[in-house]
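Trainee: I would like to request a close look at one loop, taken slowly enough for a first-year student. Please continue from there to the open and enclosed spaces and to the ligand site.

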Amino acid sequence: MIKFLIKGILRDRSRSLLPVLVVATGVFLTVFMSAFLKGIFNDITDINARFTTGHVKILTRAYAENKDQVPNDLALMDVGKLLTRLQADYPYMEWVERIHTGGLIDVPDSLGETRGQGQAIGTAVDLLSPGTIEPDRMNIKKSNVKGSMPAKHGEALISDDFAERFNVSAGDNVTLFGATMNGSMMFKTFTVSGTLKFGNTILDRGAIFMDIRDARQALDMDDAASEVLGYFKDGIYDDIKAQQLQASFVSKYTVEGDDFSPQMFRLAEQDGLGDYLKLAESAGSVMAFIFVIAMSIVLWNTGLLGGLRRYSEFGIRLALGEEKKHIYKTTIYEAIVIGVIGSGIGTGVGLGAAFYMQRYGLDISGITNNIGMMLPSVYRAEVTPALFYIGFFPGLIATVLGSALAGFAIYKRKTAQLFHELEV
Amino acid sequence: MENDSIIKIEKLIKRFPVGKTEFTALNGISASFGRGEFAGLAGPSGSGKTTLLNIIGSLDSPSEGDVDVLGNSVSSLTHKQSAKLRNRHIGFIFQTYNLLPVYTVFENVEFALLLQKLSRSERKKAVMDALEWVGLTDKVKSRPSMLSGGECQRVAIARAMVKRPDIVLADEPTANLDSKNSHHIIQTMKNLSRELKTTFIFATHDEKVMQYLDRIISLEDGKIVKDDVKTDSKPQDHVSI
Ligand SMILES: Nc1ncnc2c1ncn2[C@@H]1O[C@H](COP(=O)(O)OP(=O)(O)OP(=O)(O)O)[C@@H](O)[C@H]1O
Ligand SMILES: [Mg+2]
């Protein structure tokens with residue numbers, strides 16, 4: 001019987017096409033959007049991990065508590081030893097040290113008098129040692145718009161906007177004013193090797209990137225660092241692995257009650273990224289849920305329309321001695337078939353689109369220029385196994401639910417009216 | 001005839017609620033029908049013909065009185081039981097043929113058998129037999145939209161007959177057909193009634209139909225005013241099935 005009915009549905013395009021299209025569209029959107037959102041959230045997390053949070057970050061507790069003031073007097077000490085130990089204890093991680101400093105950049109004229117001054121965020125990473133991947137990790141190489149990367153000590157990169165504002169070009173000198181680790185006044189002159197444009201307002205306003213050894217020397221931070229960042233070598237943040245790492249770290253490295261002993265923070269614990277991650281995870285299901293509701297309503301109505309179109313068919317079937325329950329059941333089976341077809345198409349197309357977006361991405365660097373957050377400039381979808389069912393089952397459920405609701409009309413049908421109804 | 005009657009109607013009353021009052025559509029009908037009878041309900045519009053067919057077909061139930069169809073008291077049947085009774089024993093033919101447009105002629109007839117547990121080949125044989133009875137074996141693959149009105153009604157007859165029911169109820173089956181087709185159809189049904197011992201009950205205004213009937217029950221205002229049993233119904237052997 002059901003085979004027979006399916007044959008009928010497939011022949012009657014107006015009956016099958018609309019529901020299939022509705023389901024396929026809904027499923028497509030669910031699959032594609034959740035892949036895309038997942039990708040975006042991951043990109044955002046990733047870029048934050050690269051720039052600021054690491055997959056895990058190690059700081060002194062005191063530094064962590066006053067992080068906004070960039071308090072280098074509270075920095076980690078004996079970092080060389082710490083790094084060696086970390087590398088031995090956690091060989092699956094890559095550990096890097098960084099120094100942050102606030103200050104002023106002073107641009108002198110030819111006589112050494114101040115020509116202009118601006119607030120600056122100083123970031124010191126390993127730019128110069130052979131094989132360092134920090135410039136790549138922080139996208140510094142790609143963001144280098146004028147001049148070149150620093151090639152030797154005493155060279156630094158500054159924001160392109162800043163350079164424009166004060167008319168600084170590659171080869172000019174600038175002086176960074178600030179405070180040493182001990183609180184005394186510090187100034188160091190750098191030769192500008194080139195300029196940077198990240199497409200991010202905060203970084204582009206006034207930033208200076210230097211090699212960490214120069215910063216150490218200028219800030220009196222011998223063997224000290226603002227922070228040590230750890231990255232999983234496979235490049236993927238896994239909060240469960242991070243939690244295990246953190247637990248182990250706390251037991252081995254952290255001294256309870258010592259403000260200067262190192263503390264570890266997971267990516268998810270920093271800058272609200274945990275919420276982001278949770279959002280990324282729930283985005284798919286939220287999306288699917290919304291689509292199930294919306295699709296069900298649409299399909300309910302298409303089901304009702306279909307029911308109208310099939311009014312006489314149901315009438316004849318009742319007259320032929322089919323029970324209402326059986327007619328109802330068969331409409332549900334039909335819905336399952338429609339749902340499988342529609343969801344299958346939607347999942348297929350959605351996966352295809354997601355794969356495409358994973359590979360090629362959507363370049364929105366033009367739009368993000370003036371956004372303060374750390375945002376990636378190319379958005380990519382991420383294809384996960386979940387995509388195979390995240391749209392499929394909701395699509396199926398919606399179709400069945402829609403039909404189930406519409407099908408109740410069958411029970412309202414009075415057989416006593418059949419002759420009258422079928423006469424017209 | 002009383003003894004082997006398969007439909008027994010006793011003091012049947014059918015009322016319909018109309019607003020706050022009730023309208024009596026059938027008012028004390030008593031009659032019975034034997035196996036293989038070829039009978040018709042005649043009477044003016046609104047006299048209760050369709051209502052009576054409905055109740056015999058267990059599509060509706062009596063308000064009072066009793067209707068017994070093949071040993072089943074219609075008023076006490078559940079939805080499931082009445083569906084089963086229709087499925088096994090009663091065929092319906094409508095004024096508008098009510099074929100399903102998405103299915104072929106063959107499938108439309110086959111449809112009536114789908115609820116019965118028959119093998120594919122048994123079904124196929126039964127459908128081809130039924131189509132042969134109505135002379136449509138050459139149209140098995142056609143869709144209803146390609147058929148003439150007469151052909152459509154012949155498909156409907158095949159659909160009603162394919163399960164070899166005991167009773168066929170036909171409400172104005174010729175109302176949409178021209179004279180030649182009407183004769184053809186009614187003759188076909190009459191032959192089938194003879195051959196398969198099927199009881200046919202028509203509701204009709206059509207004089208052409210009436211001349212074939214063995215028995216005409218005239219209704220007026222829900223009452224039987226005349227119950228004519230003819231002995232010399234006109235044989236129409238020149239139309240073969
Ligand atoms: N469900 C209903 N509710 C109220 N009145 C009804 C209902 N069904 C039938 N009637 C009334 O019962 C009467 C008999 O109707 P029925 O359809 O049996 O007449 P009929 O003899 O078949 O007429 P026609 O020749 O026009 O088909 C009519 O007056 C009709 O209006
Ligand atoms: Mg009528």
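Mentor: In this predicted model, the side chain of Thr132(A) reaches the backbone oxygen of Asp126(A) at 2.8 Å. To place this residue in the fold, follow chain A to the loop between E3 and helix H5 (134–137), for that is where Thr132(A) lies. The side chain of Thr132(A) has a second polar partner: one of its polar atoms is 3.3 Å from the backbone nitrogen of Glu134(A). The side chain of Thr132(A) thus has one contact with a backbone oxygen, that of Asp126(A), and another with a backbone nitrogen, that of Glu134(A).

Strand E3 leads from this loop to a pocket. Strand E3 (114–125) of chain A supplies at least two residues to the lining of the second largest pocket, and so does each of helix H2 (13–53), strand E1 (56–60), strand E2 (93–108), helix H8 (201–205) and helix H11 (273–309) of that chain. The space in this pocket amounts to about 910 Å³. Its lining consists of 32 residues, and those nearest the centre of the pocket are Thr52(A), His100(A), Ile121(A), Ile202(A) and Leu203(A). By character, the lining holds 14 nonpolar, 12 polar and six charged residues.

The division of chain A into domains adds to this picture. Domain 1 covers 2–47 + 275–423, while domain 2 covers 56–234. Taken over C-alpha atoms, the centres of these two domains of chain A are 52 Å apart. Each of the two domains nevertheless gives at least three residues to the lining of the second largest pocket.

An enclosed space may be considered next. The structure holds one cavity of 30 Å³ or more, and the largest cavity contains about 40 Å³ of space. Its lining is made up of Ile316(A), Ala319(A) and Leu320(A) together with Phe92(B), Phe94(B) and Arg159(B). Five of these lining residues are nonpolar, none is polar and one is charged.

Finally, consider the ligand site. Residues from both chain A and chain B surround ligand 1, and the site is therefore shared between chains. There are 15 residues around ligand 1, and the nearest are Ser45(B), Gly46(B), Lys49(B), Thr50(B) and Thr51(B). Oxygen atoms of ligand 1 have several polar partners in chain B. A polar side-chain atom of Ser45(B) is 2.4 Å from one such oxygen, and a polar side-chain atom of Thr51(B) is 2.6 Å from an oxygen of the ligand. Ser47(B) contributes through its backbone, with an N or O atom 3.3 Å from a ligand oxygen. Ligand 1 taken alone exposes 630 Å², of which the protein buries 72%. Strand E2 (21–34) and helix H1 (49–56) of chain B are the elements that give two or more residues to the shell, and H1(B) provides the largest share, three residues. The shell around ligand 1 comprises four nonpolar, nine polar and two charged residues.

Definitions and conventions: Residues numbered from 1 in each chain as written. Chains lettered and ligands numbered in written order. Predicted model: local features only at pLDDT ≥ 70, side-chain atom pairs only at ≥ 80, totals over all residues. Heavy atoms only, no water. Near = heavy atom within 4 Å. Polar contact = N/O pair within 3.5 Å; in protein donor to acceptor, adjacent residues only side chain to side chain. Areas by Shrake-Rupley, 256 points an atom, 1.4 Å probe, with all protein chains shown as cover. Helix = DSSP H or I, 4+ residues; strand = E, 2+ residues; numbered from the N terminus. Nonpolar A, V, L, I, M, F, W, Y, C, P; charged D, E, K, R; others polar. Domains from an automatic or database assignment. 1 Å grid on protein atoms, 1.4 Å probe; cavity = no way out; pocket = protein on both sides within 12 Å on 5 of 7 lines; lining within 4 Å. Points joined across faces, edges and corners; volume = space filled by probe spheres on them.
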